[in-house]
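Visitor: I am new to this structure and would like a close look at a single part of it, with enough of the surroundings to place that part. Could you choose one and explain it slowly?

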Amino acid sequence: MATSLSYREKSLYASLVAELAVYGPYFFLHRQNSVNRVAGMILAIIVLQIILQSIIAAFTRNRITDERDRLIELRGYRVGYFTLASLMILGLGMLWFHAALGHFPIEGRWVGLHFLNVFFGMLVISDIAKTTTQIVTYRRAL
Amino acid sequence: MPSIRNQIRELRAARNMTQQELADKVGVTRQTVIAIEQDRYSPSLETAFKVATVLGVRLEECFQYEPRGKRS
């Protein structure tokens, strides 16, 4: 039986597209990353999300959400949280490792930007994990 | 696979009701009705009662509990 996408599902696909379109080039083509580029990226994701979500809302007649939507949302947030916690533990472990060895492989003036990228990367990966989990759960029906 | 089975599709068809009509009356999305009919999602007790009420049957005529492993 063919099942068209619900409003929430369309919204999730749009979010994933926006995240991959904005964060992908930043993290995979990371030449001359700077604080300004991080700010630009945040602005770009906000603008892109507003545009995409407005288009979806305009073309979707039935925009109700129900108990299944809420359960799927919670499942996504649970996966997102565990991903973020795991990455944080991994990151702290690596910091401890470098501290124990007594060296830090990054030049002093780049430390701030490096940490900004690392923590922002963790948030991005967690968010993509959350969105992907929700999309997969919708397809599997729960 | 949930251990709650249901006869929603048959009951709905007997009343010439579409999935969208049932969804609107119960207050869920059509995708949720589809998932329930395909036994891929067990609704909450509240939604189950609403479905039975809309279809005009008792809850046990609409939903049946089958413990896992006892299904033929």
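Guide: From the N terminus on, the elements of chain A run α-α-α-α, that is, four helices and zero strands, where helices (H or I, at least four residues) and strands (E, at least two) are DSSP runs numbered from the N terminus. This is a predicted model, in which local features need pLDDT of at least 70 and side-chain atom pairs count only at pLDDT 80 or more, while totals for chains, interfaces and linings use all residues. Residues are numbered from 1 along each chain as its sequence is written, and chains are lettered from A and ligands numbered from 1 in the order in which they are written.

Chain A has a radius of gyration of 18 Å, well over the 14 Å that the globule rule gives for its 142 residues, so chain A is more spread out than a compact globule; the radius is taken over C-alpha atoms, and the rule is 2.2 Å times the number of residues to the power 0.38. The C-alpha trace of chain A spans about 60 × 30 × 20 Å along its principal axes, and 15% of the residues of chain A are buried, meaning that 20 or more other C-beta atoms lie within 10 Å of their own (exposed is 12 or fewer, partly exposed in between, with C-beta atoms placed from the backbone).

The part to look at closely is the pairing of helix α1 (residues 7-28) and helix α4 (residues 111-140) of chain A, whose axes come within 10 Å and cross at roughly 150°. Here the axes are lines fitted to C-alpha atoms, for helices over the stretch in contact, and the angles run from 0 to 180 degrees between N-to-C directions. α1(A) and α4(A) are therefore roughly antiparallel to each other, a word used for angles over 145 degrees, with under 35 as roughly parallel, 65 to 115 as roughly perpendicular and the rest as oblique.

On the side of α1(A), the contact is made by Glu9(A), Leu12(A), Tyr13(A), Ser15(A), Leu16(A), Glu19(A), Tyr23(A) and Phe27(A). From α4(A) come Gly121(A), Val124(A), Asp127(A), Ile128(A), Thr131(A), Thr132(A), Gln134(A), Ile135(A) and Tyr138(A), where two residues are in contact if their C-beta atoms, placed from the backbone, lie within 7 Å. Taken together, the residues of this contact divide into nine nonpolar, five polar and three charged; Ala, Val, Leu, Ile, Met, Phe, Trp, Tyr, Cys and Pro count as nonpolar, Asp, Glu, Lys and Arg as charged, and the others, Gly among them, as polar.

α1(A) and α4(A) lie at separate places in the sequence of chain A, at residues 7-28 and 111-140. In chain A as a whole, among contacts between residues at least 6 apart in sequence, 89% join residues at least 24 apart.

Chain B completes the surroundings, with five helices and two strands that follow the pattern β-α-α-α-α-α-β. Its radius of gyration is 11 Å, which agrees with the value near 11 Å for a compact globule of 72 residues, and buried residues make up 32% of chain B. In helix α3 (residues 30-37) of chain B, six of the eight residues are buried, so this helix is largely enclosed by the rest of the structure. The buried residues of α3(B) pack against α3 (67-101) of chain A, together with β1 (4-6), α1 (8-14) and α2 (19-26) of chain B.
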